[in-house]
Amino acid sequence: MSVEVAKRYFELMDSPDAGTDEVLELYGEDPVVHSSRAGVVRGREDIRQFYEDNAAFFTGGEHHMESFHRDGDVVVCEGYLDGETAVGRSADGVPLCDVMEFDENDRI
């Protein structure tokens, strides 16, 4: 199931109709996000702010996830991002490797 949750995460991230609350529903009780841009982000409210800041930084984009590798409760998601920043810079072909660890309830 965790691979399906990871795929759903990227679907929500790319959906113009999905909100931050829908993404946060995929997270467990004490989530942690490690970001190359924002560092370590802990807890639901700080992660909410991280996603809202990200939405202001990127004016749009699409994830192209090419593979998902599962090992126990960890899923490694590989692909790339096409998009544009708020200042008009192209962010096409940005490589991605997201690692998600899941709890016993299949939450990130």
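Which elements do the buried residues of α1 pack against? The exercises below work towards this and related points.

This is a predicted model, in which local features need pLDDT of at least 70 and side-chain atom pairs count only at pLDDT 80 or more, while totals for chains, interfaces and linings use all residues. Residues are numbered from 1 along each chain as its sequence is written, and side-chain values use heavy atoms, with hydrogens and water left out.

**Exercise 1. Check the length of helix α1, then find its packing partners.**

Step 1. Helices are DSSP runs of H or I with at least four residues, strands are runs of E with at least two, and both are numbered from the N terminus. Helix α1 covers residues 2-14, which is 13 residues.

Step 2. The expected span is 1.5 Å times one less than the number of residues. For α1 that gives 18 Å. The end C-alpha atoms are 19 Å apart, which agrees.

Step 3. Buried means under 20% relative accessible area, exposed over 50%, and partly exposed in between (1.4 Å probe, protein chains only). In α1, the buried residues are Ser-2, Val-3, Val-5, Ala-6, Tyr-9, Phe-10 and Leu-12.

Step 4. These buried residues pack against α2 (20-24), α3 (44-57), β3 (58-71), β4 (74-85) and β5 (94-101).

**Exercise 2. Describe the aromatic pair of Tyr-9 and Tyr-51.**

Step 1. Rings of Phe, Tyr and Trp (its six-membered ring) pair if their centres lie within 6.5 Å; planes under 30 degrees apart are stacked, over 60 edge-to-face, and the rest tilted. The whole structure holds 6 aromatic pairs.

Step 2. Tyr-9 and Tyr-51 sit 6.5 Å centre to centre, with 55° between the planes, so the pair is tilted.

Step 3. Tyr-9 is in helix α1 and Tyr-51 in helix α3, 42 residues apart, so the pair links distant parts of the chain.

Step 4. Tyr-9 has a relative accessible area of 9%, so this residue is buried. Tyr-51 is at 8% and also counts as buried.

Step 5. Ring pairs join Tyr-9, Phe-10, Tyr-27, Phe-50, Tyr-51 and Phe-68 into a cluster.

**Exercise 3. Is Thr-85 buried or exposed? What is it in contact with?**

Step 1. Thr-85 lies in strand β4.

Step 2. Its relative accessible area is 8%, so Thr-85 is buried.

Step 3. Contact means heavy atoms within 4.5 Å. Leaving aside neighbours within four places in sequence, Thr-85 is in contact with Phe-57, Phe-58 and Thr-59.
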